[in-house]
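Biologist: I'm new to this one, could you walk me through it?
Modeller: Gladly, here it is.
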Protein chains: 2
Amino acid sequence: MALIVQKYGGSSVADTQSLQRVARRIVQTRQAGHQVVVVVSAMGDTTDDLIDMAAELNAHAPAREMDILLSAGERISMSLLSMAISAQGVPAMAFTGAQAGIRTDAKYGKAQIVGMVPERIARVIRDNNVAIVAGFQGVNDAEDVTTLGRGGSDTTAVALAAALHADVCEIYTDVDGLFTADPRLVPTARALHSLDYEETLELAANGAKILHLRAVEFARRYRVPLHVRSSFSDKDGTWIAQGPAPKSLRGIVPAKALEEENVEAPIISGIAHDRSQEKLTVVGLPDRPGVAADLFAAVAKVGANIDMIVQNISEARPGRANISITMPAEDIPGVMEELQHEKSALDFIRIDHDTNVGKVSLVGAGMRNNPGISACFFQALSDAGINVDIISTSEVRISVLISLDRLDDAVLAIHKAFDLDSEETEAVVYGGTGR
Amino acid sequence: MALIVQKYGGSSVADTQSLQRVARRIVQTRQAGHQVVVVVSAMGDTTDDLIDMAAELNAHAPAREMDILLSAGERISMSLLSMAISAQGVPAMAFTGAQAGIRTDAKYGKAQIVGMVPERIARVIRDNNVAIVAGFQGVNDAEDVTTLGRGGSDTTAVALAAALHADVCEIYTDVDGLFTADPRLVPTARALHSLDYEETLELAANGAKILHLRAVEFARRYRVPLHVRSSFSDKDGTWIAQGPAPKSLRGIVPAKALEEENVEAPIISGIAHDRSQEKLTVVGLPDRPGVAADLFAAVAKVGANIDMIVQNISEARPGRANISITMPAEDIPGVMEELQHEKSALDFIRIDHDTNVGKVSLVGAGMRNNPGISACFFQALSDAGINVDIISTSEVRISVLISLDRLDDAVLAIHKAFDLDSEETEAVVYGGTGR
């Protein structure tokens, strides 16, 4: 008997039929002798519909009320799913984030989990119930509901799996796992059988939408084995794990996915791309120590997440430098405002705003020790006639910022150059996980 | 400055436009210098839609999960209303039943309020916020959400008004108050200006759907002045109050509505009718002491609400009696089952089930001292050729059970006989309050 946490995204529970299908899968897992905790997102378009209504009423809706509103979506899906399971003869109980003991800070809309007290969940599964938990939400010290932001349901699932010492956290989605590239872009993309946490982090951080970064960070910290798979098939998906396998996992997590060193892993895991960023260039900053620090302090003040950074000495203006930064498009207005406000203190000339940027990243565990890889990567871009604007690298990743309108071409070219194509085309649609 | 509790039903908040209209009304009350606590129902058809989805998934959905599901409706309406108010420049905060301190027992679907701890509401209105509270819901000792059943939002509003010592509880609906009869049936029905708690109780208990019985009982016990009015107009509606007026009420509650003896009140307040009941006749019970008590004990066991009772000695069977009882149609199956189960112990012959019954009631404060009233009442029925099956009376009411298909005729005939018609026809639709 194992304890399995299963997370179903909005596309897996789009309507009552999907709820019944998901309920059957849960009942099967239960009948196979496992304890099951289920984390569920809001059904289909519920969240978008609620956001639309809010926007009609208040263009600047208070964040606290927005979180109360959005949390209603999971209340509906979790109670309906619980009913669908008990209709199949298996006792089930649904719980809000608060009832499941998911304590957060007070940052409405993007709350961080600060404590997990899932005593009630542990009790009800011990009593043979399936526990259904609302994804994406928690409760703060004021006993107000908070939401965890993008990918929040993944985070709920992994945090619960960690706190309950679950044997595996299954992330159900509408595709067969993580792929060498987005199959909507690259029809020949291959599903990946196993990844380690580092590679998965890089893929998630650089645009692969199938699994959220925060959830992967949580899984890595607490060594929660993840299994990303499709709720529409029984196929094995992508295993994300590392380190010695707990005994209880035998027969659940494939041994291969848990080896200390995943010797069979290919050098390249996959290609991620990201269209959600835009670029700001602060032109004509004084070229002296401390200026970049002041600039980033101003950006940090508005809570923007900077991704890529490049600094150039200005050729036209001696003693001046330009700094370009990329960040999520939604952070741009706040940063622009703050920088204009600090314009005289920072002493720059102007800000250029470029929306025509996209990022493509190559991720692989053995990359740093394979100098041929960068060469092949840049050659592929060059052969396709694609200019590189900014480059950033890590232990297991190379990313480049290019024109947004060449992003698809870049992904295809790199995928081909590294011979990642599978023999057969995967007939799937690579959708976002919603929340 | 007064403290006003306002309750808006589902028809007053059917869509975003209605929410904006309601928000304007709340903002006006706030701008007139009053503290405002708002209780809101789910929007329009939300509750019915949720019930339909649940029925698709589970014909016998667990009551606990059903309450979680239904409570989502108020979460949506309360947070949207709060946003609509703050968009008009008035600070507002929304609270669930649990957050508003509405503690209930564990009877899912028809929970009773067992305690009110609205400290947080008191605090936020003292800090100049409008507090929006989810109607219809509370929380039990297990920290699970419960719903209060039919008319639950009215009960929430009156309970909050009592606990916060509000000056008045305004019940907003889609008609101009309580009428001498259902204006859909009797187009000439008059809106009533004021009623005392007794009369209102009798009207609510006997089929007037505009205000729920439990809410009126709560208001009577704690002497909460009620004002039932339309959210579509600024007209004064029906005042329900009694006893000396608190000083703070001056200028809010009309003095007339608060006099010890409402000398201006007409003898007859109005006519209520009820189509929701059915009749069971237990045929051939032994005619000996204690039999009725055993019968009612069996009925009480399944929690059915008996309304009218009549016992006849059986002419055909010496030593045997028949007992007829009426109750809400939804209670009938449970009672039938329990009685069949106790058939040998109770020693009856059979149960007859009559669905073709309706109840019409005449309510008025001065009735008991006016013997002419019963005479006129029965004469009107007789002139219309309507047979009376069961009669029940109280201090301020006469009710008769008749054929369901003659119910409309009965209401019209009695309304005319007592000269209750107004000079002008009210152009309103007399809708239910939902929950």
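Biologist: Which residue of chain A comes closest to the rotation axis?
Modeller: That is A72(A), whose C-alpha lies 2.6 Å from the axis. This is a predicted model, in which local features need pLDDT of at least 70, side-chain atom pairs count only at pLDDT 80 or more, and totals for chains, interfaces and linings use all residues. Residues are numbered from 1 along each chain as its sequence is written, chains are lettered from A and ligands numbered from 1 in the order in which they are written, and side-chain values use heavy atoms, with hydrogens and water left out.
Biologist: What rotation superposes chain A on chain B?
Modeller: A rotation of 179 degrees, with 0.0 Å of shift along its axis, gives an RMSD of 0.2 Å, where the fit is by least squares on the C-alpha atoms of residues with pLDDT of at least 70 in both copies. That is the relation of a two-fold axis. Both copies use the same surface, as 100% of the contact residues of chain A recur in chain B, contact meaning heavy atoms within 4.5 Å.
Biologist: How much area do the chains bury between them?
Modeller: About 3,200 Å², with 61% of it on carbon and sulfur atoms; this is the accessible area (1.4 Å probe) lost on putting the two parts together, summed over both. L57(A), R75(A) and M83(A) supply 24% of what chain A buries against chain B, more than any other three residues.
Biologist: And how many salt bridges cross the interface?
Modeller: The rule finds two, a salt bridge being a side-chain nitrogen of Lys or Arg within 4 Å of a carboxyl oxygen of Asp or Glu. R120(B) forms one with D144(A), their closest N and O atoms being 2.7 Å apart. On the side of chain A that touches chain B, the largest share, 17 residues, comes from α3(A), helices being DSSP runs (H or I, at least four residues) numbered from the N terminus.
Biologist: Switching topic, what is the average pLDDT of chain A?
Modeller: Chain A averages 87, and 90% of the residues score at least 70, on the predictor's scale of confidence in each residue, from 0 to 100. However, pLDDT stays under 50 over residues 244-252 of chain A and also over residues 424-435 of chain A. Where pLDDT is low, the predicted coordinates should not be read in detail.

Key. Helices (H or I, at least four residues) and strands (E, at least two) are DSSP runs, numbered from the N terminus.
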